[in-house]
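Visitor: I should like to understand how the terms used to describe a protein model are justified. Would you take me through the reasoning?

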Amino acid sequence: MSIRQKIAGTVLKMCGWTVSKNVDFPEKCVICIAPHTSNWDFFFGCLGYSALGGTGKQFMIKKEWFFFPLNLFFKAIGGIPINRGKKTSTTDQMVEACNSSDHFHLGITPEATRKANKDWKMGFYYIAKKADIPIAVVSLDYKKKEGKILSLYIPTDNPEQDIANIKAMYQGVTACYPDQFVI
């Protein structure tokens, strides 16, 4: 166990949280993290990732958050600024980043907002499908105060059914603001 894992685990424990996993993170995957109803999800998600032994994390974040001095912090912890107003393919950019790396963990909150949203964004799915890597399905359960790797999911050629299967894995998971998590 690395120092980083121990520190992250200790901080989580001090906050009353635990982490567990049904599977390990593979070398490359898209990490589907839900529910996302609070800014605390980022804090507990990063700590949980480190406590579970994850290394080299990357996450996409609105470019608006990349202003001095936060830009230095977000870049140091693996943030990738995304301009959602541009007509460029974020999916293709992420697939290229995956293909040019030996180790790739991209964390994405599929709801893409902290508000209730039953229509998840499909980018996480299409990045995994196009890069031919699994989706690590991860939950943040505020009732249990537990971060957990639920499963590795291999995308098929049926996106609607795949999303329904992934959403079903979150049954019984309690968000920080439960009324804002819709599956």
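**Reasons behind the terms**

Guide: Let us start with one ring: Phe-43 is partly exposed, with a relative accessible area of 32%. Please bear in mind that the model is predicted.

Visitor: Why is Phe-43 called partly exposed?

Guide: A residue is buried under 20% relative accessible area and exposed over 50%, with partly exposed in between. The value for Phe-43 is 32%, so Phe-43 is partly exposed.

Visitor: What makes Phe-44 buried?

Guide: The relative accessibility of Phe-44 is 10%. Buried means under 20%, so Phe-44 counts as buried.

Visitor: How many aromatic pairs are there?

Guide: The count comes to 14 aromatic pairs. One of them joins Trp-17 and Tyr-142, with 5.0 Å centre to centre and 90° between the planes.

Visitor: Why is the pair of Trp-17 and Tyr-142 called edge-to-face?

Guide: Ring centres must lie within 6.5 Å to pair, and planes over 60 degrees apart count as edge-to-face. With centres at 5.0 Å and planes at 90°, Trp-17 and Tyr-142 therefore form an edge-to-face pair.

Visitor: What parts of the chain does the pair of Trp-17 and Tyr-142 tie together?

Guide: Trp-17 lies in the loop between α1 (3-14) and β1 (18-21), and Tyr-142 in the loop between β6 (135-141) and β7 (146-153), so the pair ties together parts that are 125 residues apart in sequence. Trp-17 is buried at 6% relative accessibility, and Tyr-142 is buried at 15%.

Visitor: What kind of pair do Phe-43 and Phe-44 form?

Guide: Phe-43 and Phe-44 form an edge-to-face pair, with 5.2 Å centre to centre and 70° between the planes. Both rings belong to one aromatic cluster, formed by Trp-17, Trp-40, Phe-43, Phe-44 and Tyr-142.

Visitor: Let us turn to the helices. Why are α1 and α2 called oblique?

Guide: The axes of α1 and helix α2 (residues 40-51) come within 7 Å and cross at roughly 135°. Oblique covers angles that are not under 35 degrees, not over 145 and not from 65 to 115, so α1 is oblique to α2. The crossing of α1 and α2 is left-handed. Among the residues that make the contact are Ala-8 and Leu-12 of α1 and Phe-43, Phe-44 and Leu-47 of α2.

Visitor: How do you know that the buried residues of α4 lie on the same side?

Guide: In helix α4 (residues 90-99), Met-94, Val-95 and Cys-98 are buried. They cover an arc of only 100° around the axis, which puts them on the same side of α4. In general, an α-helix has 3.6 residues a turn, so residues three or four places apart point the same way.

Visitor: What makes α4 and α5 oblique to each other?

Guide: α4 and α5 pack at an angle of about 45°, with their axes 9 Å apart. An angle of about 45° is neither under 35 degrees nor within 65 to 115, and α4 and α5 are therefore oblique. The crossing is right-handed. In this contact, residues including Met-94, Val-95 and Cys-98 in α4 meet Tyr-126, Ile-127, Lys-130 and Ala-131 in α5.

Visitor: Which residues of α5 are buried?

Guide: The buried residues of α5 are Phe-124, Tyr-125, Ile-127, Ala-128 and Ala-131. Their arc of only 165° around the axis puts them on the same side of α5. Ala-128 counts as buried at 1% relative accessibility. Among the residues that Ala-128 touches are Val-30, Ile-133 and Pro-155.

Visitor: Why is α5 called roughly perpendicular to α6?

Guide: α5 and α6 pack at an angle of about 115°, with their axes 11 Å apart. Angles from 65 to 115 degrees count as roughly perpendicular, so α5 is roughly perpendicular to α6. The contact is made by Phe-124, Tyr-125 and Tyr-126 of α5 and Pro-159, Asp-162, Ile-163 and Ile-166 of α6.

Visitor: What covers the buried residues of α6?

Guide: The cover includes β2 (28-34), α5 (123-131), β6 and β7. The buried residues of helix α6 (residues 159-168) are Pro-159, Asp-162, Ile-163, Ile-166 and Lys-167. They cover an arc of only 135° around the axis, which puts them on the same side of α6.

Conventions: Residues are numbered from 1 along each chain as its sequence is written. This is a predicted model: local features need pLDDT of at least 70, side-chain atom pairs count only at pLDDT 80 or more; totals for chains, interfaces and linings use all residues. Side-chain values use heavy atoms; hydrogens and water are left out. Rings of Phe, Tyr and Trp (its six-membered ring) pair if their centres lie within 6.5 Å; planes under 30 degrees apart count as stacked, over 60 as edge-to-face and the rest as tilted. Helices (H or I, at least four residues) and strands (E, at least two) are DSSP runs, numbered from the N terminus. Buried means under 20% relative accessible area, exposed over 50%, partly exposed in between (1.4 Å probe, protein chains only). The arc is that of the directions from the helix axis to the C-beta atoms. Contact means heavy atoms within 4.5 Å. Axes are lines fitted to C-alpha atoms, for helices over the stretch in contact, and angles run from 0 to 180 degrees between N-to-C directions. A crossing is left-handed if the near helix is turned anticlockwise from the far one by less than a right angle, and right-handed if clockwise.
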